[in-house]
Every structure is written in structure tokens, then in C-alpha cells.
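Work through the exercises below with the structure in view. Each task is followed by a solution in steps.

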Amino acid sequence: MSATADHAEERTNPAARLGFQPGQVVQEIGYDDDVDQELREAVEEAIGSDLVDEEYDDVADAVVLWFRDDDGDLTDALVDATTYIEEGGAILLLTPKTGRSGYVEPSDISEAATTAGLTASKSVSVGKDWSGSRLATPKAAKSKR
């Protein structure tokens, strides 16, 4: 595949645009009937394997966290998700878009991410009903003793 084709895929495939790479182990948390199946399939295609569920008992490279306003405390969910990933790993926080049931305010996402010790990127549309925020664990903070 040419470099131009790679860049075209990044623009059209949300999983590639979000940084998922072949060979990664990606754990999915918060799966329910309302999740975006196309996005799930795109992530699985990008990593070359199935997503692992909440019962996975090893460390993952990344976490996909589906979160709705009535799912409980977002900060707690993010802190829990960080225990599942490698140092420097990422959490893709997926929340319903504005006007959808379960919508989470961007200010709530920012505050929860900061409290959980994560660095947030800007929100991106990842489907018809879902927005995604890529949250990163700070590498330097974890490596200091």
C-alpha cells in the first residue's frame, strides 16, 4: 500500500484515525446494546483481532470505554480503566453525542480525565451517535520512583 493510501485510510477509518495499530490488545469496557458496531469492527480490523472483554486478566495496550451519563462516576471508571493498560497506553472514552440519551458534558470529561491523571485530546466524532476522546496515561509520571 502506498503512503497516500495509508493517509486516505486514516481519514476514512475512525480506528486508524484514533491510533489503533496491528497487534495491539484492546480491552472493551461498558459494552451494551447501544454501542456502535461499525466502530467496534473497525477497531478489530485495525488491530487484527477481537476486542477482549472486562474479564481479560492481563495488561492491554489500550482500552475502549463506552460511558453514558447514568453509568456511575466517570472519574472512577477512568481510574479503573488505567489499571488495565500498559504504561503509556491510551483510553478511548466513547460517550453519546449531544442530544442523545446518556450524553456527558465535555467539562465533566475534562475534569474526570484530569482527576484520574490522564491527558485528554479533543473530542472527535466516531460514529452517528458517539463521540470519542483519546485519553493518555502520562509516561513520565509513572516512570519516576
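**Exercise 1.** Leaving aside its neighbours within four places in sequence, which residues is glutamine 27 in contact with? Find also its place in the fold and its polar contact.

Solution. The model is a predicted one.
- Step 1: locate the residue. Glutamine 27 is part of strand β1, which covers residues 26-29.
- Step 2: list the contacts. Beyond four places in sequence, glutamine 27 is in contact with Val52, Asp53, Glu54, Tyr56, Ala60, Ala62, Val63, Val64 and Tyr84.
- Step 3: decide on burial. Buried means under 20% relative accessible area. Glutamine 27 has a relative accessible area of 0%, so glutamine 27 is buried.
- Step 4: look for a polar partner. The backbone oxygen of aspartate 53 is reached by the side chain of glutamine 27 at 2.9 Å.

**Exercise 2.** Describe the surroundings of glutamine 24, and state whether aspartate 50 is buried or exposed.

Solution.
- Step 1: Glutamine 24 sits in the loop that runs between α2 (14-17) and β1.
- Step 2: At 2.9 Å, the side chain of glutamine 24 reaches the backbone nitrogen of glutamine 21.
- Step 3: Not counting residues up to four places away in sequence, glutamine 24 touches Gly19, Ile47, Ser49 and Asp61.
- Step 4: Aspartate 50 belongs to the loop between α3 and β2. The cut-off for exposed is over 50%. Aspartate 50 has a relative accessibility of 59% and therefore counts as exposed.
- Step 5: Aspartate 50 and valine 25 are 25 residues apart along the chain, and their C-alpha atoms are separated by 8.5 Å.

**Exercise 3.** Find the buried residues of helix α4 and work out how they are arranged around the axis.

Solution.
- Step 1: Helix α4 spans residues 74-82, and its buried residues are Leu74, Thr75, Ala77, Leu78, Ala81 and Thr82.
- Step 2: Viewed down the axis of α4, these buried residues fall within an arc of 160 degrees, so they line one face of the helix.
- Step 3: An α-helix has 3.6 residues a turn, so residues three or four places apart point the same way.
- Step 4: At the N-terminal end, α4 is capped by aspartate 73, with a side-chain oxygen 3.2 Å from the backbone nitrogen of threonine 75.

**Exercise 4.** Which residues of helix α5 are buried, and what do they pack against?

Solution.
- Step 1: In α5 (residues 106-115), the buried residues are Ile109, Ala112 and Ala113.
- Step 2: Around the axis they cover an arc of only 100 degrees, which puts them on the same side of α5.
- Step 3: The packing partners of these buried residues are α4, β3, β4 (119-125) and β5 (130-136).
- Step 4: Glu111, Thr114 and Thr115 are exposed, on the face of α5 turned away from its buried side.
- Step 5: Glycine 117, just after α5, takes a positive phi of about 80 degrees.

**Exercise 5.** What lines the largest cavity, and which elements supply the lining?

Solution.
- Step 1: There is one cavity of 30 Å³ or more, and the volume of the largest cavity is about 40 Å³.
- Step 2: Its lining consists of Glu28, Leu39, Arg40, Val43, Leu51, Val64, Trp66, Leu92 and Leu94.
- Step 3: At least two lining residues each come from α3 (37-47), β2 (60-66) and β3 (85-96). The largest share, three residues, is that of α3.
- Step 4: Sorted by class, the lining has seven nonpolar, no polar and two charged residues.

How values were computed. Residues are numbered from 1 along each chain as its sequence is written. This is a predicted model: local features need pLDDT of at least 70, side-chain atom pairs count only at pLDDT 80 or more; totals for chains, interfaces and linings use all residues. Side-chain values use heavy atoms; hydrogens and water are left out. Buried means under 20% relative accessible area, exposed over 50%, partly exposed in between (1.4 Å probe, protein chains only). Helices (H or I, at least four residues) and strands (E, at least two) are DSSP runs, numbered from the N terminus. The arc is that of the directions from the helix axis to the C-beta atoms. A polar contact is a pair of N or O atoms within 3.5 Å; within protein, one must be able to donate a hydrogen and the other to accept it, and residues adjacent in sequence count only if both atoms are side-chain atoms. On a 1 Å grid over the protein atoms alone, a cavity is a set of points where a 1.4 Å probe fits but cannot get out, and a pocket is an open set with protein on both sides within 12 Å along at least five of seven lines; lining residues have an atom within 4 Å of a point. Grid points are joined across faces, edges and corners, and a volume is the space filled by probe spheres set on the points. Ala, Val, Leu, Ile, Met, Phe, Trp, Tyr, Cys and Pro count as nonpolar, Asp, Glu, Lys and Arg as charged, and the others, Gly among them, as polar. Contact means heavy atoms within 4.5 Å.
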